[in-house]
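Subject: Handing over a structure, with notes

Dear colleague,

I am passing on the structure below, together with notes on what was found in it. Please read the notes with the structure open beside them.

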Amino acid sequence: MFYYLIFKFIEFTVYTDSYSTRAKYSTEECERYKKIEKDYGRSVVTLSRVLIVYWSKFGNTKAVAEAIAKGIKAAKKVEVVVRNVKEIKPEEALDYDTLIIGSPNQGGGPVGDIKNFLKKLEKLDLKGKTGAVFDTHARNDLKAVQKMEKQIREKIPGLKLVAPGLAAKIEGFLKGPLVEGELAKAEEFGKSISTKI
Ligand SMILES: Cc1cc2nc3c(=O)[nH]c(=O)nc-3n(C[C@H](O)[C@H](O)[C@H](O)COP(=O)(O)O)c2cc1C
């Protein structure tokens with residue numbers, strides 16, 4: 001018991017920062033959280049976290065995702081992470097307070113990877129989380145946004161949509177670029193979401 005107490009004292013003295021003692025995060029997580037704390041002046045234990053997941057072939061949807069992130073960060077001190085849907089496990093969504101999901105419109109709906117991602121979210125408990133969707137499209141139809149919103153409302157009721165989906169138009173039919181002004185709209189969309197999370 002005596003040696004155990006000595007050991008605990010040394011452990012406590014050596015690991016004085018809050019993340020390693022309080023929550024037993026890994027070294028990488030501690031470093032990441034400490035950096036966030038330094039950048040944002042707030043502990044991540046209370047910092048709201050936003051995840052933006054997108055799919056993109058030609059880069060337009062990715063650019064919109066990044067513009068939304070920029071808008072949110074400019075308006076509010078929150079952590080915003082932008083991830084390609086191909087590089088994220090749906091369960092990771094549980095670590096965030098707000099989920100924003102974006103896809104190009106292909107054939108009048110979101111792409112398969114985004115549909116599958118949403119399908120997997122249906123099985124998770126996302127109660128209390130907030131969200132929104134966005135798309136990029138060539139024609140004047142909003143079907144991808146509408147379909148994602150319908151799926152969320154009907155199948156993922158725990159995820160509360162806090163803003164009407166953003167539909168960003170590209171020039172031409174396939175590769176874009178985005179129509180002028182669409183990135184600015186995406187930033188505004190991010191700012192409007194930041195007031196509701
Ligand atoms: C197979 C395919 C089907 C598409 N179908 C539609 C469509 O039905 N309506 C539309 O507005 N745009 C359609 N598009 C255009 C895409 O929306 C456009 O390529 C996309 O916004 C580009 O986004 P990205 O740069 O992120 O890949 C289609 C594109 C592809 C490749």
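Gly-131 of β4 stands opposite Leu-161 in β5, in a pairing where three bridges join β4 to strand β5 (residues 159-161) and the two strands run parallel. Two strands are taken as paired if DSSP finds at least two bridges between them, and the strands and helices themselves are DSSP runs numbered from the N terminus, with E over at least two residues for a strand and H or I over at least four for a helix. Together with α6, the strands β4 and β5 make a right-handed β-α-β unit; right-handed here means that, with the strands pointing away from the viewer, the path from the first strand over the helix to the second runs clockwise.

Before going further, please note that this is a predicted model, in which local features need pLDDT of at least 70 and side-chain atom pairs count only at pLDDT 80 or more, while totals for chains, interfaces and linings use all residues. Residues are numbered from 1 along each chain as its sequence is written.

β4 also runs parallel to β3, to which it is joined by seven bridges, and Ile-101 stands opposite Val-133 of β4. Between these two strands the chain passes through α5, in a β-α-β crossover that is right-handed. With β6, β4 shares four bridges, again in parallel, and there Asp-135 stands opposite Ala-167. Nine of the nine residues of β4 are buried, a residue being buried if 20 or more other C-beta atoms, placed from the backbone, lie within 10 Å of its own, exposed if 12 or fewer do, and partly exposed in between. Lys-129, Gly-131, Val-133, Asp-135 and His-137 point one way from this strand, whereas Thr-130, Ala-132, Phe-134 and Thr-136 point the other way.

As for the chain as a whole, its secondary structure comes to seven helices and six strands, in the order α-α-α-β-α-β-β-α-β-α-β-β-α. Of its 197 residues, 37% count as buried.

The largest nonpolar core (buried Ala, Val, Leu, Ile, Met, Phe, Trp, Tyr and Cys residues joined through C-beta atoms within 7 Å) has 45 residues, and those with the most contacts inside it include Ile-52, Ile-101 and Phe-134. Its largest share, seven residues, comes from α4. Leaving aside neighbours within four places in sequence, Ile-52 is in contact (C-beta atoms, placed from the backbone, within 7 Å) with Ala-65, Ile-68, Ala-69, Val-80, Val-82 and Ile-100.

The ligand is surrounded by 20 residues, with Ser-56, Phe-58, Asn-60, Thr-61 and His-137 the closest; a residue is counted here if its C-beta atom, placed from the backbone, lies within 6 Å of the molecule. The elements giving two or more residues to this shell are α4 (60-75) and β4 (129-137). By class the shell has six nonpolar, 11 polar and three charged residues, where Ala, Val, Leu, Ile, Met, Phe, Trp, Tyr, Cys and Pro count as nonpolar, Asp, Glu, Lys and Arg as charged, and the others, Gly among them, as polar.

Finally, Lys-143 lies in helix α6 and counts as partly exposed because it has 16 C-beta neighbours inside 10 Å. Not counting residues up to four places away in sequence, Lys-143 touches Asn-105, Gly-108 and Gly-109.

With best wishes

Conventions:
Two residues are in contact if their C-beta atoms, placed from the backbone, lie within 7 Å.
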